[in-house]
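Let's walk through this structure together, starting with how two of its helices meet and then turning to a couple of individual residues.

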Amino acid sequence: MKLYSEQNLRDLNRVYARFQNNAKGFFKENHYYITLLIIAAVVDAASTIYFMHIIGPEKEIHPMIRFLAFEFGPTIGPIVGKLLQISLGMFAVIYLKKYAIHIIVITAIMYSWAATANFLAFMYF
């Protein structure tokens, strides 16, 4: 019994080829936007860590970050979660290179909003 079809293999090979083609020069072309994303992610992670140490991980909205905070603690959990978000997101953005700048900028804005929400939540609780 085959667990795959020839069509599935061809499709996977096309996805892999597109990813490889898009990855060439991607970081050099988009390093300013990626830097913006990393800065926003670091601020969000730092505010999440601060939030969790003061209020606790049970108030975290993002389910995976909350899970990781319970599993690894309120410091390591958000760091692991943010690293996973950034690394998996980079795979998607490289594959969708045509929309990369828009996705990266919108994600950086969302991370900035999340950091602001963490500080506001600290003031509320």
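**Where two helices cross**

In this predicted model, helices α1 and α5 are roughly perpendicular to each other, because an angle between 65 and 115 degrees counts as such and theirs is about 90°. Two packed helices are described by the angle between their axes and the distance between the axes. For this pair, the axes lie 8 Å apart. To find the helices in your viewer, look for residues 6-23 for α1 and residues 76-95 for α5.

Now let's see who meets whom. On the α1 side, the contact is made by V15, R18, F19, N22 and A23. Their partners in α5 are F91, I94 and Y95. Sorted by character, the residues of this contact comprise six nonpolar, one polar and one charged.

N22 deserves a second look. This residue of helix α1 has a relative accessible area of 12%, and because buried means under 20%, N22 counts as buried. Leaving aside residues up to four places away in sequence, N22 touches I94, Y95 and K97. I94 and Y95 also appear among the α5 residues in the helix contact.

Next, move along to Q7, which is also found in helix α1. Is Q7 buried or partly exposed? Its relative accessibility is 36%, so Q7 counts as partly exposed. The side chain of Q7 has a polar partner too: a contact of 2.8 Å joins it to the side chain of R10.

Key: Residues are numbered from 1 along each chain as its sequence is written. This is a predicted model: local features need pLDDT of at least 70, side-chain atom pairs count only at pLDDT 80 or more; totals for chains, interfaces and linings use all residues. Side-chain values use heavy atoms; hydrogens and water are left out. Axes are lines fitted to C-alpha atoms, for helices over the stretch in contact, and angles run from 0 to 180 degrees between N-to-C directions. Helices (H or I, at least four residues) and strands (E, at least two) are DSSP runs, numbered from the N terminus. Angles under 35 degrees count as roughly parallel, over 145 as roughly antiparallel, 65 to 115 as roughly perpendicular and the rest as oblique. Contact means heavy atoms within 4.5 Å. Ala, Val, Leu, Ile, Met, Phe, Trp, Tyr, Cys and Pro count as nonpolar, Asp, Glu, Lys and Arg as charged, and the others, Gly among them, as polar. Buried means under 20% relative accessible area, exposed over 50%, partly exposed in between (1.4 Å probe, protein chains only). A polar contact is a pair of N or O atoms within 3.5 Å; within protein, one must be able to donate a hydrogen and the other to accept it, and residues adjacent in sequence count only if both atoms are side-chain atoms.
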